[in-house]
Structure formats: C-alpha cells, structure tokens
Amino acid sequence: MTEDKKLLLDDLENQCRMCQRCGLARGRHHVVFGVGNPLAEVLFIGEGPGEQEDLKGEPFVGKAGILLDKMLRAIDLDRKQNIYIANIVKCRPPQNRDPQPEEQELCIAWLRRQFAVIRPKIIVCLGRIAAARIIKPDIRIKKEHGIVFRKGGVLMMPVLHPAALLRNPADKPGAFEDFLRLQELILQHCGHTYTDEQKEVILAERNRG
Ligand code: SF4
C-alpha cells in the first residue's frame, strides 16, 4: 500500500514537473510538488511556494517553514514522517504575490490528484488563501482559525499562516491552541499518525496538564 501510493505520487510529480498550464511556469526554478508520507492521514495545504521553496523545490523551507516545523514538532508531527504538505499552486508567484484565481483554478487539478492518492482524514489549511479555496470562499481567517469544518467526510481546519505569525507574534499563542486542538482531532480520528508510544505520552501529558 505504501509502495503503491508512493509510486502513484512519484508518477504524478514527474508529470507535474513538466506542467506549463499557467504563466507561473515561466519564472520558476522548481515545481514544488509536495513533501511527506504518502500514507499520511493529515494533509497540510499552503498557498504557493516562496523564494526559498522555489530554489529548493520543497514547500515551507524558509523562515515560515522553520516556524511551521517547530509547531509541528510541538504536537509530535514531522513533515517527513507522519504528514504530507502541499500547496494550492506548485510554482512561485512573482514577488510572492497571492496566486491569482485563474492560476489556482488551473493548478488545483494537481492537488485534487494528490488528495485522491493520499486520501487524508484531516486537512489543515495554512492561511486565508488555502482556506478560502478549500473550505469556503468567505472564510475570515482571523476569526475562524481553529474551527473544525467537515466537507465530503473530511475534517478541515483553517489555521493562521506561519508567515503571518512571524509578522504578528502576538497571534502565536492562539495559533498554538489551534495545533493542540488539531492534536486532539488526530487522536480521535486517525489510526496511525501517532505511534502507540506517542499516544501514551501525549495522553499522559494531557492528563497531567
Ligand atoms: S503553477 Fe501549477 S498549473 Fe501553473 S505551471 Fe505550475 S504546476 Fe502548472
């Protein structure tokens, strides 16, 4: 099963690397397809690659990515081990502008195909653009982050984008609360994201706290 999903994702990535569907293909160094475990039960979705991501070919590797990794580690998640991370658009918008609706529309087919292979139980949308595209167009991210939505049998949670947290550190405690809620959701709904040993430690810590 792992091998099947890995092969399917590798094949999809090879096709995606050649994509010229929208104008973002012209300025890219790399197509940033995604990173993670093909068997992940939790899929994180951001809006698109920035400069560092474009240079390295991996999502969330700049300053915002370092913060994201820290927050993931705090709830026993790891981008290489037990989650998958992808973006709405796979190529970098110039000067890090928001991806335009038509670019999102053209690129989202790749994300749909990633979703069809991975079949996550939980989707976490990192920031307004991803949440508006995936959860609901009129999302108010400052007010609705941390709320759990259910769509087509999948649980979905919008969270503040780590780059926004770097700009507004006062929002970090609220964002951390959202991650603790996410951990609770994972404990309730996912089978293998956490090992039995991790579950024991998490539950013991929660009982103490
Ligand atoms: S952003 Fe998406 S649709 Fe546009 S060229 Fe890159 S992979 Fe293709």
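This report walks through the sheet, one of its buried residues, a helix pair and the ligand shell of a predicted model.

## The sheet

Six strands make up an open sheet with mixed pairing. Their order is β1-β3-β2-β4-β6-β5. The edges are β1 (35-36) and β5 (149-151), and each of these pairs on one side only.

## Strand β2 and its partners

Strand β2 covers residues 42-46. Five of its five residues are buried, so the strand counts as mostly covered. In a regular strand, side chains alternate between the two faces of the sheet. Both faces of β2 are covered. V42, F44 and G46 are buried on one side. L43 and I45 are buried on the other.

β2 has a parallel partner in β3 (residues 84-87), joined through four bridges. It also pairs in the parallel sense with β4 (residues 122-126), again over four bridges. F44 shows both pairings. It stands opposite I85 in β3 and opposite V124 in β4.

## From β4 to β6 and the hairpin

β4 continues the sheet toward β6. The two strands run parallel and are joined by five bridges. I122 has L155 of β6 as its bridge partner. V124 is bridged to M157 of β6. Five of the six residues of β6 are buried, and the strand is mostly covered.

On its other side, β6 meets β5 in the antiparallel sense, over three bridges. R150 stands opposite L155 there. β5 and β6 form a hairpin with two residues between them. G152 sits in the turn and has a positive phi of about 55°.

Helix α8 (residues 172-189) lies across β2, β4 and β6. It runs at about 170° to β6.

## L155, a residue in β6

L155 belongs to strand β6, residues 154-159. Is L155 buried or exposed? It has 20 C-beta neighbours inside 10 Å, and the cut-off for burial is 20 or more, so L155 counts as buried.

Which residues does L155 touch, leaving aside neighbours within four places in sequence? The contacts are K121, I122, V148, R150, L185 and H189. Two of these names return from the strand pairing: I122 is the bridge partner of L155 from β4, and R150 is opposite L155 from β5. H145 is ten residues from L155 in sequence. In space, the two C-alpha atoms are 14 Å apart.

## Helices α1 and α4

Two packed helices are described by the angle between their axes and the distance between the axes. Helix α1 (residues 2-16) packs with α4 at an angle of about 170°. Their axes are 10 Å apart. Angles over 145 degrees count as roughly antiparallel, so α1 and α4 are roughly antiparallel to each other.

From α1, the contact uses K5, L8, L9, L12 and C16. From α4, it uses W110, R113, Q114, V117 and I118. Seven residues of this contact are nonpolar, one is polar and two are charged.

## The ligand shell

How many residues surround the ligand? There are 15. The closest are C19, C22, A25, C91 and C107. Helix α4 (residues 101-118) gives the largest share of the shell, with four residues. α4 thus appears in two settings: it packs with α1, and it contributes to the ligand shell.

By residue type, the shell holds eleven nonpolar, one polar and three charged residues.

Definitions and conventions:
Residues numbered from 1 in each chain as written. Predicted model: local features only at pLDDT ≥ 70, side-chain atom pairs only at ≥ 80, totals over all residues. Near = placed C-beta within 6 Å. Nonpolar A, V, L, I, M, F, W, Y, C, P; charged D, E, K, R; others polar. Axes fitted to C-alpha atoms, helices over the stretch in contact; angles between N-to-C directions. Parallel < 35°, antiparallel > 145°, perpendicular 65-115°, else oblique. Contact = placed C-beta atoms within 7 Å. Buried ≥ 20, exposed ≤ 12 C-beta atoms within 10 Å, placed from the backbone. Pairing = 2+ DSSP bridges.
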